[in-house]
Amino acid sequence: MEQPENDSVSYETAEQIILRWDATAAEDARVRMIFEGDRQEIDRYLQAVDRIQLSMESTTLSDDDGAAGVQEQSKKINGAIQIAMARLEDEFRNILISHASPVETETLTESMSSAHLTPRTSTSISEFPGNDDYSSRGDEDSISRDGSSSLERGESSNTISSYRSMSSIREIDLIPSDIVCDLRSIAERMIAAGYFRECVQVYGSVRKSAVDACFKKLGVEKLSIGDIQRMEWEALNAKIGKWMRAAKMCVRVLFASEKRLCEQIFEGLGTAADDACFMETVKGPAVQLFNFAEAISISRRAPEKLFKILDLHDTLFDLLPDIDAVFDGKSAESIRVQATEIFSRLAEAARGMLNEFENAVLREPSKVPVPGGTIHPLTRYVMNYISLISDYKQTLSELIVSRPATGSRYSDDQTTPDMDFSDHEEQSPLALHLIWIIVILQFNLEGKSKHYKDNSLAHLFIMNNVHYIVQKIKGSPELREMIGDHYLRKLTAKFRQAATSYQRATWVGVLYCLRDEGLHVSGSFSSGVSKTALRERFKSFNAMFEDVHKTQALWLIPDTQLREELRISISDLLIPAYRSFLGRFRSHIESGRHPENYIKYSVEDLETAVLDFFEGCAVSQHSRRRSQ
């Protein structure tokens, strides 16, 4: 035991000092605290306590003699010890309370910022698109991306930066070193006198209040698992981001510093005294902290939760070594086990959510066709979703270790597509899941295309959506690497085939009007042209083209380049055929009456009219130039 520097005092003097500070007998002792006085007074009291304890030990050794005087002396010494321990307990409590102000969040943040942190953009995603929901028409990305922390900006948002840390624990001084020495000097004497439990209880109750106050400042709320599971996802989404930041501060700074303080005060003073005091202080707050993540890990496995689940998973992955280091005592085993079990459940939840997402894509039931054959909200949602999956490639590659549940299992099921894995032998299970999601998305889109009454529009719809899938893959290097160029070429061929099918469905009938067959009579090619048949042919062409023009101007190809490519392809089919037909037969119409009723379009008119196609809006009657 560390002794004060004063000379040794007699038992009688020591007893007088102890009694003078008996708060139950002296008014002055009730209103004054020894450790708020001068150093000499503190040392005199500690020396008196040491002398009384030494007398108690001597009396115990001679207690076997059974002399009445010895027993009386022992009783007297025990009384003095009880008074001294009560006093020291009050002093211990007062010192702790005087230095129990919660750590400022700025201090915790500064400690965290000294670590080498690698930011990764966290994400939030809306719920799976509802039946016939076209609210995202033209909205390129319904998933938010933000590389900065909303906490750092002082904002409340669904988007919070998550971190992968290459460093960890940052201890800070919770109590000044000279005060720590005073606390240790009291703890030494209380524990030596057999007041271990009282010392631990006082310490734990005061420091736990300080930890609770820090929790409040960090936004860690006292919520039961049931409270958390009853929350709306939107509200919970924001809390998850705050929790991840707070958890790192709590484990790496707050809990670690509390552990260090316990070691400074209690280490070597008894069997795991420091560990006991540490757990008395932080066990309740630690359980409260980890209950939040536990509630999330066992909540309903909705697909929109996947990325926050992965953020939580990565946060715990980073924290587990620090949790093991901070909670390394035997009495802290339950905390280590809880954290490890939550980590495992989050991994299982992530796998389950990916399966739920696949099922949701396959079964998404909307039947009302999207206007103009544009990109379906489901396509946007799914491709944005799997683009984000590629952002989490490192984590998910470790979690997803089996192929998607397809193939021969569904070979007789007409409501589910099949997938041949032989084309993808070299690809990872995660890559196969991404390809499978695209396969089932296309399968669903094929079903939706059948709800269009116009076959041309159905083909345009498939072209638009598959082209969008291709562009999203090309726009993400990581996604493209996982999907692979082989499958990307298959997708490209598919949307080009859809474009070809559109052209056939739309323009074969129109171009059929421009054929020579049926216009010549008596086999004569020089003058044997039936003007009646020719006029009907021009009228048919005009009516068909006008109908196509009026209708397909309302259709929409959102991608500028694809829209221009299809217009060029249409022009390459239509313009040469019309120019040739007009060149061969114009004179036969113009030599008759009212030629303007039959030749309504010049070649230039058609070229201009084609530019109206696929803009998604009605054509003005004055927007094209007509021949006079």
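The legends below accompany several close-up views of a predicted model.

**Figure 1. Overview of the predicted protein and its secondary structure elements.** The protein contains 21 helices and 4 strands, and buried residues make up 50% of its 628 residues. Of the contacts in the protein with a separation of 6 or more, 82% are accounted for by residues 24 or more positions apart. The accessible surface of the protein comes to about 28900 Å², and carbon and sulfur atoms hold 49% of that surface.

**Figure 2. The largest nonpolar core, viewed around Phe-255 and Phe-327.** This core has 190 residues, and within it Phe-255 and Phe-327 are the residues with the most contacts. Helix α9 provides the largest share of the core, with 18 residues. When neighbours within four places in sequence are left aside, Phe-327 is in contact with Phe-255, Phe-278, Met-279, Val-282, Ala-286, Ala-332, Ile-335 and Arg-336, so that a view centred on Phe-327 takes in Phe-255 as one of its partners.**Figure 3. Aromatic pairs, with Tyr-203 and Phe-266 as one of them.** The protein has a count of 24 aromatic pairs. Tyr-203 and Phe-266 form an edge-to-face pair, with 5.1 Å from centre to centre and 90 degrees between the planes. This pair links distant parts of the chain, given that Tyr-203 belongs to helix α7 (residues 196–218) and Phe-266 to helix α9 (residues 233–266), 63 residues apart. Tyr-203 is buried, with a relative accessible area of 0%, and Phe-266 is buried as well, with a relative accessible area of 1%.

**Figure 4. The ring pair of Tyr-452 and Phe-461.** The centres of these two rings are 5.3 Å apart and their planes stand at 50 degrees, so the pair is tilted. Tyr-452 and Phe-461 are both buried. A pair of aromatic rings is described by the distance of the centres together with the angle of the planes.

**Figure 5. An aromatic cluster that includes Phe-614.** Ring pairs join Tyr-502, Trp-507, Phe-541, Phe-545, Tyr-578, Tyr-601, Phe-613 and Phe-614 into a cluster. Phe-614 is placed in the segment after α21 (603–610) and is buried, with a relative accessible area of 0%. The backbone of Phe-614 has a phi near 65 degrees, which is a positive value in a residue other than glycine. Most residues other than glycine have a negative phi.

**Figure 6. Arginine side chains over tyrosine rings.** Arg-515 lies over the face of Tyr-512, at 3.6 Å from the ring centre. In a second example, the charged end of Arg-535 sits over the ring of Tyr-598, 5.8 Å from its centre.

**Figure 7. Surroundings of Lys-531 in helix α19.** Lys-531 is placed in helix α19, which covers residues 531–552. With a relative accessible area of 32%, Lys-531 is partly exposed, because this value falls between the limits of 20% for buried and 50% for exposed residues. Once neighbours within four places in sequence are set aside, Lys-531 is in contact with His-588 and Ser-591. The C-alpha atoms of Lys-531 and Gly-592 are separated by 8.7 Å, although these residues are 61 residues apart along the chain.

Definitions and conventions: Residues are numbered from 1 along each chain as its sequence is written. This is a predicted model: local features need pLDDT of at least 70, side-chain atom pairs count only at pLDDT 80 or more; totals for chains, interfaces and linings use all residues. Side-chain values use heavy atoms; hydrogens and water are left out. Helices (H or I, at least four residues) and strands (E, at least two) are DSSP runs, numbered from the N terminus. Buried means under 20% relative accessible area, exposed over 50%, partly exposed in between (1.4 Å probe, protein chains only). Contact means heavy atoms within 4.5 Å. Rings of Phe, Tyr and Trp (its six-membered ring) pair if their centres lie within 6.5 Å; planes under 30 degrees apart count as stacked, over 60 as edge-to-face and the rest as tilted. A charge sits over a ring if NZ of Lys or CZ of Arg is within 6 Å of the ring centre and within 35 degrees of the ring normal. A nonpolar core is a set of buried Ala, Val, Leu, Ile, Met, Phe, Trp, Tyr and Cys residues joined through side-chain atoms within 4.5 Å. Accessible areas come from the Shrake-Rupley method with a 1.4 Å probe; for residues, only the protein chains shown count as cover.
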